[in-house]
Amino acid sequence: MAKLYFKYGAMGSSKTAQALITKYNYEENDMSVWLIKPSADTRDGADILRSRIGLEAKVEVMTPDMDVYQRFKETRADNCDAVIVDECQFMLPEQIDQLRAIVNDYDIPVMCFGLRTDFQTKLFPGSLRLMELADAIEEIKTMCDCGTKATINARIDSEGFIVTQGAQVVLGGNDSYIAMCHRCYIQGIRDKKKIKLHGQK
C-alpha cells in the first residue's frame, strides 16, 4: 500500500539532492515520476530544481490556485509510479490534502521533501498539514557548526546577525540562512553574535 511521506530537514541537509536521487532511482528502473514544486520557490528558475551539489531536473510548478489532484488526474494518472514534491513547506494545506488523495485513490507513493519550521521556529502551514496527514515522517539530519544536530533554519541579515522578525517566506540559501542547533541559535540571539555563513571568507 502506497504512503504519503514527509522527509524534512534544516537548511543544507541535502533535501533537494535526495529528492533528485530518488527520482533517478525510479527512472533507472523504467518507472515514471511526477516531479513538482510550489511556485514560491524561484531560486533556480521557474521550472528547474537544482541541488547545492549540482544535480538538477526539470520540474512542474504548482501555483497556489492549482488543484494538484485535478492536475495529476488530467495529465499524469495514466503514467505515473511516484510523485516527488520539493519545497513542500510552501504548498497550501489544501494542496497537501490533494496529495493525500492521490495516495488514497491511485495507490501511488507521494514523497514530500522540505523544511519543517521557519526562521522563527514556527511550522510552515504546508509542513503542519503534512505532520497531521503523513503516513511516514523522516528527519534528514544535518549538523550545526558546533557539531551537534541542527534543527533551526536561522536567517542571517547583511551584517551577520540572526533575524527574529519579518516575513515567513524570504527565499535564500547559503547567502542568508544557516542550520543551527537550538542552543547556538538562542546564544547567537542573546549575545548578538555575528554569524559566519557557509561559503563566506
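The following conversation goes through some features of a predicted model and the reasons for the words used to describe them.

Colleague: Why is the aromatic pair of Tyr69 and Tyr106 called tilted?

Modeller: The count comes to 5 aromatic pairs, and in this one the ring centres are 6.0 Å apart with 50 degrees between the planes. Rings pair if their centres lie within 6.5 Å, and planes under 30 degrees apart would be stacked and over 60 edge-to-face, so the pair of Tyr69 and Tyr106 falls into the remaining class, tilted.

Colleague: What makes this a pair that ties together parts of the chain, and how far apart in sequence are they?

Modeller: Tyr69 belongs to helix 2 (residues 68-75) and Tyr106 to helix 3 (residues 93-106), so the pair ties together parts that are 37 residues apart in sequence. Ring pairs also link Tyr69 and Tyr106 with Trp34 and Phe72 into a cluster.

Colleague: Are Tyr69 and Tyr106 buried or exposed, and how do you know?

Modeller: Tyr69 has 18% relative accessibility and therefore counts as buried, since the limit is under 20%. Tyr106, at 28%, lies between that limit and the 50% above which a residue is exposed, so Tyr106 counts as partly exposed.

Colleague: Why is the pair of Phe90 and Phe124 called edge-to-face?

Modeller: The planes of Phe90 and Phe124 are 90 degrees apart and the centres 5.8 Å apart, so the pair meets both the 6.5 Å distance limit and the requirement of over 60 degrees for edge-to-face. Phe90 lies in the loop between strand 6 (82-86) and helix 3, and Phe124 in the loop between strand 7 (110-114) and helix 4 (125-133), so this pair ties together parts that are 34 residues apart in sequence. With a relative accessible area of 5%, Phe124 is buried.

Colleague: How do you know that the charged end of Arg155 sits over the ring of Phe119?

Modeller: The charged end of Arg155 is 3.7 Å from the centre of the Phe119 ring, and the distance limit is 6 Å, so the distance part of the rule is met. Lys7 likewise lies over the face of Tyr5, at 5.5 Å from the ring centre, which is also within 6 Å.

Colleague: What makes up the largest nonpolar core, and which residues have the most contacts inside it?

Modeller: The largest nonpolar core has 24 residues, and Val83 and Leu99 are those with the most contacts inside it. The elements that give two or more residues to this core are strand 1 (4-8), strand 2 (33-38), helix 2, strand 6, helix 3 and strand 7, and helix 3 gives the most, with 4 residues. Leaving aside neighbours within four places in sequence, Leu99 is in contact with Ile36, Val68, Val83, Val85, Met91, Val110 and Cys112. A second, separate core of 14 residues includes Cys144, Ala154, Ile162 and Ile195.

Colleague: Which residues line the largest cavity, and what is its volume?

Modeller: The structure holds 1 cavity of 30 Å³ or more, and the largest cavity has a volume of about 60 Å³. The largest cavity is lined by Tyr8, Gly9, Ala10, Arg116, Thr117, Glu139, Ala150, Thr151 and Asn153.

Colleague: Why is Thr117 called buried?

Modeller: The relative accessible area of Thr117 is 8%, which is under 20%, and Thr117 is therefore buried. Thr117 is placed in the loop between strand 7 and helix 4, and beyond its neighbours within four places in sequence it is in contact with Lys122, Leu123, Phe124, Thr151 and Asn153.

Colleague: Why is Asp135 called partly exposed, and what does Asp135 touch?

Modeller: Asp135 has a relative accessible area of 41%, a value between 20% and 50%, so the residue is partly exposed. Asp135 lies in the loop between helix 4 and strand 8 (136-139), and, not counting residues up to four places away in sequence, Asp135 touches Ala2, Lys3, Leu4 and Arg100. The C-alpha atoms of Asp135 and Leu4 are separated by 5.3 Å, although these residues are 131 residues apart along the chain.

Colleague: What makes Asp30 an exposed residue, and what is its phi?

Modeller: Asp30 has a relative accessible area of 75%, over the 50% limit, and is therefore exposed. Its phi is near 60 degrees, a positive value in a residue other than glycine, and its place is in the loop between helix 1 (15-28) and strand 2.

Definitions and conventions:
Residues numbered from 1 in each chain as written. Predicted model: local features only at pLDDT ≥ 70, side-chain atom pairs only at ≥ 80, totals over all residues. Heavy atoms only, no water. Buried < 20%, exposed > 50% of the residue type's maximum accessible area, 1.4 Å probe, protein only. Lys NZ or Arg CZ within 6 Å of the ring centre and 35° of its normal. Core = buried A, V, L, I, M, F, W, Y, C linked by side-chain atoms within 4.5 Å. Contact = heavy atoms within 4.5 Å. 1 Å grid on protein atoms, 1.4 Å probe; cavity = no way out; pocket = protein on both sides within 12 Å on 5 of 7 lines; lining within 4 Å. Points joined across faces, edges and corners; volume = space filled by probe spheres on them.
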